[in-house]
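Me: Could you walk me through this structure? I would enjoy a few questions and answers on it.

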There are 2 protein chains.
Amino acid sequence: MTRPSEVTRERIMKAAERLFAERGYDGTSVRAIVAKARVNQAAINYHFEGKDGLYREVLRAAFRAMTENQMVHAREIGTMSREEALSAFIRRQLHPLTSRDETSRHMRIFNWETVRPTPVFRSLISEESAPFMGLAADLVRRFLPDADQRTLTVASIWLLGQCSVFLRNREQLSESPMNLVFDEPSVEWLTRAISHWVIAGLSQSPAQ
Amino acid sequence: MTRPSEVTRERIMKAAERLFAERGYDGTSVRAIVAKARVNQAAINYHFEGKDGLYREVLRAAFRAMTENQMVHAREIGTMSREEALSAFIRRQLHPLTSRDETSRHMRIFNWETVRPTPVFRSLISEESAPFMGLAADLVRRFLPDADQRTLTVASIWLLGQCSVFLRNREQLSESPMNLVFDEPSVEWLTRAISHWVIAGLSQSPAQ
DNA sequence: TTGGAATTCAAACAAGAGTTTGAAAAAGTT
DNA sequence: AACTTTTTCAAACTCTTGTTTGAATTCCAA
């Protein structure tokens with residue numbers, strides 16, 4: 001296969017992922033990408049058929065990575081008690097608070113998408129959101145074994161959203177007047193707090 | 001005072017608010033705004049000293065409106081039992097799901113800001129977030145009267161974020177494979193479900 | 001090593017962005 | 001009514017955007 005071209009392709013993808021995560025699609029210029037990736041201006045059109053194509057590729061890669069991550073996590077969780085499992089689920093969601101790794105970049109890209117979803121993202125969601133929803137749904141089912149379908153769905157979405165305020169507003173929350181700190185012990189404390197509330201919430205009788 | 005110029009100012013503000021809410025700052029062009037507002041191209045620079053200034057004004061107006069809204073709501077809630085109050089709080093948060101009014105537009109603008117906050121927004125948050133946080137904190141305090149400061153802060157933020165998944169992903173949630181509906185009875189059902197979980201969560205002993 | 005395909009490159013292109021300009025029109029003031 | 005200020009307008013300007021071009025270079029198999 002064509003080796004050398006792969007490295008510029010990879011360089012572009014890496015630079016683009018970072019910039020798209022930070023500034024969004026509209027806020028990222030092709031020139032900024034090629035500068036960061038240190039490749040020629042025309043490379044993006046040659047390898048990805050334009051900015052759109054590049055973004056689609058980045059989005060797909062991010063989605064694939066998140067899905068695989070989720071699958072691994074699902075296995076780990078299967079062996080725990082439902083309370084331990086839920087805490088582990090929350091802990092994993094909060095993890096990007098402490099380290100700025102690839103996963104937190106992917107989360108940022110998805111955050112941009114939730115404000116104004118692109119067609120690509122929509123189809124990815126509707127076709128491949130099963131692993132995400134599935135994990136949450138399994139978890140919820142262990143607390144609400146007799147719930148109807150709608151309750152199950154809504155509870156799963158609710159569970160998936162438990163951490164989003166903290167993830168999304170990390171920067172502002174660490175400033176005045178909140179002044180939260182997000183080092184490892186604090187995030188562990190936060191994990192326990194949220195887990196406690198969620199477990200208590202789901203444990204009470206679902207009758208209404 | 002200068003009357004006639006106020007109407008074009010207002011026209012611009014109105015059009016800009018809608019477009020910024022829908023497409024974000026980068027995605028909205030000055031030409032799109034003046035076309036929607038049916039004013040001359042140069043009007044934005046004349047009245048607001050450029051696109052930046054216009055956006056700052058729109059953001060400030062949105063923030064002011066939300067704050068006043070919140071103040072009114074705070075009084076209503078003061079007279080209820082803590083459970084009723086919390087339900088009312090959730091209900092109000094979910095309200096944009098059913099109607100696309102001014103408030104839901106403001107929410108959208110804020111959503112754009114949470115992905116990549118502008119300096120203006122940052123200062124608005126740090127200086128004028130008191131009404132929002134205050135209302136949530138009062139509510140939380142009625143459930144956790146003995147909690148320490150950190151717990152109180154985190155619980156308030158957690159409470160404020162309870163509905164954001166649904167608000168943010170309304171469009172995707174109403175499509176396959178979730179197929180949620182967001183008419184009035186459904187949203188009322190959702191209000192009760194979330195309220196139930198949150199109340200149960202906060203009601204359990206805060207000891208950990 | 002050589003020939004043809006794949007890849008890189010600097011430069012230019014057209015379209016769109018936000019802003020500026022200076023004259024025309026309207027409004028307000030005395 | 002005359003004069004000044006405020007407001008509108010069409011046009012042009014400058015800068016950035018994404019994309020294209022065609023030659024130069026590199027790669028790789030025969």
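Reply: Happy to help; here is a short round of questions and answers.

This is a predicted model, in which local features need pLDDT of at least 70, side-chain atom pairs count only at pLDDT 80 or more, and totals for chains, interfaces and linings use all residues. Residues are numbered from 1 along each chain as its sequence is written, with chains lettered from A and ligands numbered from 1 in the order in which they are written.

Me: What kind of axis relates chain B to chain A?

Reply: Chain B lies on chain A with an RMSD of 0.0 Å after a turn of 180° and a shift of 0.0 Å along the axis (least squares on C-alpha atoms of residues with pLDDT of at least 70 in both copies). That is the relation of a two-fold axis.

Me: Which residue of chain B comes closest to the rotation axis?

Reply: The distance to the axis is taken at C-alpha, and it is 2.0 Å. The residue is Gly201(B).

Me: Are H12(A) and H12(B) parallel or oblique to each other?

Reply: These helices (DSSP runs of H or I, at least four residues) each span residues 184–203, and their axes, lines fitted to C-alpha atoms over the stretch in contact, come within 7 Å. They cross at roughly 120°, on a scale from 0 to 180 degrees between N-to-C directions. Under 35 degrees counts as roughly parallel, over 145 as roughly antiparallel, 65 to 115 as roughly perpendicular and the rest as oblique. H12(A) and H12(B) are therefore oblique.

Me: Where is Pro177(A)?

Reply: A cis peptide bond joins Ser176(A) to Pro177(A), with omega about 5°. Pro177(A) sits in the loop between H11 (170–173) and H12 of chain A.

How values were computed:
Helix = DSSP H or I, 4+ residues; strand = E, 2+ residues; numbered from the N terminus.
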